[in-house]
Amino acid sequence: MTTLTQDDKKRAVARKAIDFVPDNALIGVGTGSTVNFFIDELARIKGRIDGCVSSSDASTARLKAHGIPVFELTNIGELPVYIDGADEINHSLHRIKGGGGALTREKIVAASAQEFICIADEAKYVAKLGTFPVAVEVIPMARSLVARELVHLGGHPEWRQGFVTDNGNLILDVHNLEILKPVEMETAINQIPGVVCCGIFARQHAHVLLLGTDSGVKEIR
Ligand code: 5RP
C-alpha cells in the first residue's frame, strides 16, 4: 500500500467532494487547508455552478481569486450542500471545528444547507472528541466570565492571543474537556452568556464524511 502524505489525502477528498456539487446551484464553502484544496478543484468546474456562499474572509478571497462569484447568505434561501473540513470527527459524524477560528460563520452556513459534506484526512477520525481543543467564540467583554464557566464544565480555556475573528470577537481554546455527550456539551457551552458559538458541531451532524486514507477515499454515512 502506498503511504500518502496528509496533503495527498486532503487533495483526494477535495477532488471527491466535486461529485457532491450540483449543477446550476450555489454551494456553501467552509474554511481551512482541506477546503482550500476543494476551492481549487471547484475552480476547474466553476462554469457549471452559479457561485458560492463563503464561511470566512479567507475562503471568500480564495474563491474570488479564482473568479468564482461569492454571494451574501442573507440574500439567499437554502443551499443544497455545504462542504467543509473538521479538526476531529467521530463515528456519529459529530465534529470539533474552529481551528481556523471561522466556527461561527461555518455553523451558520452549515445550518443553511440541506446536506453537510465533511472532508477530512484519517488523522481527524476519532472514537471520542476532545483531544483537539474546542474553540469558543466570545464577545470580548465576557472573556473572563466565559473562561470561569468553561472551567466549571471541566475544561482548561486558553485565550488565542492576537487573534480576532471575522466577526470582531475573541477565541478561547478549551483543552481537556471530557466530551462524553457532544450534543449536551455543545448546548451547555452555547448557554454561557457572552458565547457567540462553540466549536462542537453535534446538534447538526454531518450527512457524509469523505475520509482520506492510504487506501483511498472512504465514504462514511
Ligand atoms: C476552520 C475549521 C476547519 O475546518 C478545521 O480547522 C480543519 O482545517 P484543516 O482542513 O486546515 O485541517 O473548522 O475554522
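**Exercise 1. Find which helices and strands help to line the largest pocket, then describe that pocket.**

*Solution.* Start with the secondary structure: β2 (51-54), α3 (57-65) and α4 (103-111) each contribute at least two residues to the lining of the largest pocket. Keep in mind as you look around that this is a predicted model.

Next, turn to the space itself. The largest pocket has a volume of about 270 Å³. Its lining counts 14 residues, and those closest to the centre are Ser54, Phe71, Glu72, Leu73 and Arg105.

Finally, sort the lining of the largest pocket by class: six residues are nonpolar, four are polar and four are charged.

**Exercise 2. Work out which pocket holds the ligand, and describe its lining.**

*Solution.* Look for the ligand first: you will find it in the second largest pocket. The volume of this second largest pocket is about 180 Å³.

Now go to the walls. The second largest pocket has 17 lining residues, and Thr31, Gly32, Ser33, Ala86 and Asp87 lie nearest its centre. Sorted by class, the lining of the second largest pocket comprises two nonpolar, nine polar and six charged residues.

**Exercise 3. Describe the surroundings of the ligand, from the shell of residues down to single atoms.**

*Solution.* Begin with the shell. There are 17 residues around the ligand, and Ser33, Thr34, Asp87, Gly98 and Lys124 come nearest. The shell around the ligand is made up of two nonpolar, nine polar and six charged residues.

Then zoom in on three side chains. Asp87 places a polar side-chain atom 2.6 Å from an oxygen atom of the ligand. For Lys124, an N or O atom of the side chain is 2.8 Å from a ligand oxygen atom. Glu106 has a polar side-chain atom 3.1 Å from an oxygen atom of the ligand. With a cut-off of 3.5 Å between N or O atoms, such pairs count as polar contacts.

Last, ask how much of the ligand is covered. On its own the ligand would expose 370 Å², and the protein buries 91% of that area.

**Exercise 4. Locate the cavity of 30 Å³ or more, and name the helix that gives the most to the lining of the largest cavity.**

*Solution.* First, count: the structure holds one cavity of 30 Å³ or more. The largest cavity encloses about 30 Å³ of space.

Second, trace its walls. Gly101, Ala102, Leu103, Thr104, Arg105, Glu137, Thr165, Asp166 and Asn167 line the largest cavity. By class, that lining has two nonpolar, four polar and three charged residues.

Third, find the helix: α4 gives the most to the lining of the largest cavity, with three residues. You have met α4 before, as it also supplies at least two residues to the lining of the largest pocket.

Key:
Residues are numbered from 1 along each chain as its sequence is written. This is a predicted model: local features need pLDDT of at least 70, side-chain atom pairs count only at pLDDT 80 or more; totals for chains, interfaces and linings use all residues. Side-chain values use heavy atoms; hydrogens and water are left out. A residue is near a molecule or strand if one of its heavy atoms lies within 4 Å of it. A polar contact is a pair of N or O atoms within 3.5 Å; within protein, one must be able to donate a hydrogen and the other to accept it, and residues adjacent in sequence count only if both atoms are side-chain atoms. Accessible areas come from the Shrake-Rupley method with a 1.4 Å probe; for residues, only the protein chains shown count as cover. On a 1 Å grid over the protein atoms alone, a cavity is a set of points where a 1.4 Å probe fits but cannot get out, and a pocket is an open set with protein on both sides within 12 Å along at least five of seven lines; lining residues have an atom within 4 Å of a point. A molecule sits in a cavity or pocket if more than half of its atoms lie within 2 Å of its grid points. Ala, Val, Leu, Ile, Met, Phe, Trp, Tyr, Cys and Pro count as nonpolar, Asp, Glu, Lys and Arg as charged, and the others, Gly among them, as polar. Grid points are joined across faces, edges and corners, and a volume is the space filled by probe spheres set on the points. Helices (H or I, at least four residues) and strands (E, at least two) are DSSP runs, numbered from the N terminus.
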